[in-house]
Each structure stands twice: as structure tokens, then as C-alpha cells.
Amino acid sequence: MSWDVIKELALRYDLHPLAVEDMIHVPQRIKADFYDNFLYMSLTLVGLQPSAAAATAPELAAWDEWAQQTTHAERILRVDEMQAPR
């Protein structure tokens, strides 16, 4: 998805800047972030592979580690202040 589309959706639906940042910086770890008016989820897409070994993902074994609290010392940019990723 292009930055223009992400930015338009973020402004239209008042998405939190940290959720927008997570959308443009991929891949992300499995997580769920609860905001006042929405839930942001980042999930691993798992598909069937010919080999069982090829279908494994480290994230699948780490469901108990997905809950993590983060804090930010620096000011968080508003969506309209963000720039397209390079």
C-alpha cells in the first residue's frame, strides 16, 4: 500500500501515529495495540509449504511473548507531520 493511501486512511479515521508508523515499517512482530477508537493487530501470514520445516515460523512458538509494553521518550509525530518512508 502506498504512503499516500496510508496517510489518507490515517487522517480520515484518526488513526494513532504509532499504528501508522507500524504500518509503514514492516515486517513487525506479532502484536495487538489497543487505542481509544480502534485495535491495531500485526500478524504473521502463514501458508502451506511442501516441507513441514519450511512452514515453521519463530513467531508461532512465541505467543506468550507477544505482549510487550513500550514507552517513547521522544515526541511522537502526528500523522500529518510524517514523511513517506524511504
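Mentor: A residue is called buried when its relative accessible area is under 20%, exposed when that value is over 50%, and partly exposed in between. Please keep in mind, as we apply this, that the model before us is a predicted one.

Trainee: Is Lys31 buried or exposed by that scale?

Mentor: Lys31 has a relative accessible area of 8%, and because buried means under 20%, Lys31 counts as buried. Its side chain also has a charged partner, since Lys31 forms a salt bridge with Asp33 in which the closest N and O atoms are 3.5 Å apart.

Trainee: What is the general idea behind such a pairing, and how many salt bridges are there here?

Mentor: In general, side chains of opposite charge can pair when their charged atoms come close. In this structure the count comes to five salt bridges, and some of these belong to a network that links Arg75, Arg78, Asp80 and Glu81.

Trainee: Which side chains does Arg78 meet in salt bridges?

Mentor: Arg78 meets the side chain of Asp80, with an N to O distance of 3.2 Å, and also that of Glu81, with an N to O distance of 3.4 Å. Turning to accessibility, Arg78 is partly exposed at 46%, Asp80 is partly exposed at 42%, and Glu81 is likewise partly exposed, with a relative accessible area of 26%.

Trainee: Let us move to the helices; how does one read the packing of H1 and H2?

Mentor: Two packed helices are described by the angle between their axes and the distance between the axes. Here helix H1, which spans residues 3-12, packs with helix H2, residues 17-24, at an angle of about 160°, and their axes are 11 Å apart. Because angles over 145 degrees count as roughly antiparallel, H1 is roughly antiparallel to H2. The handedness is described separately, and the crossing of H1 and H2 is right-handed.

Trainee: Where does Met1 lie with respect to helix H1, and why does Met1 count as exposed?

Mentor: Met1 lies in the segment before helix H1. Its relative accessibility is 75%, and because the exposed class begins over 50%, Met1 is placed in that class.

Trainee: Which residues form the nonpolar patch on the surface?

Mentor: The patch is formed by Met1, Val5, Leu9 and Tyr13, which together have about 430 Å² of accessible area.

Definitions and conventions:
Residues numbered from 1 in each chain as written. Predicted model: local features only at pLDDT ≥ 70, side-chain atom pairs only at ≥ 80, totals over all residues. Heavy atoms only, no water. Patch = residues over 30% accessible without salt bridge, like charges linked within 9 Å, V, L, I, M, F, W, Y side chains within 5 Å. Areas by Shrake-Rupley, 256 points an atom, 1.4 Å probe, with all protein chains shown as cover. Salt bridge = Lys/Arg side-chain N within 4 Å of Asp/Glu carboxyl O. Helix = DSSP H or I, 4+ residues; strand = E, 2+ residues; numbered from the N terminus. Buried < 20%, exposed > 50% of the residue type's maximum accessible area, 1.4 Å probe, protein only. Axes fitted to C-alpha atoms, helices over the stretch in contact; angles between N-to-C directions. Parallel < 35°, antiparallel > 145°, perpendicular 65-115°, else oblique. Left-handed = near helix turned anticlockwise from the far one by under 90°.
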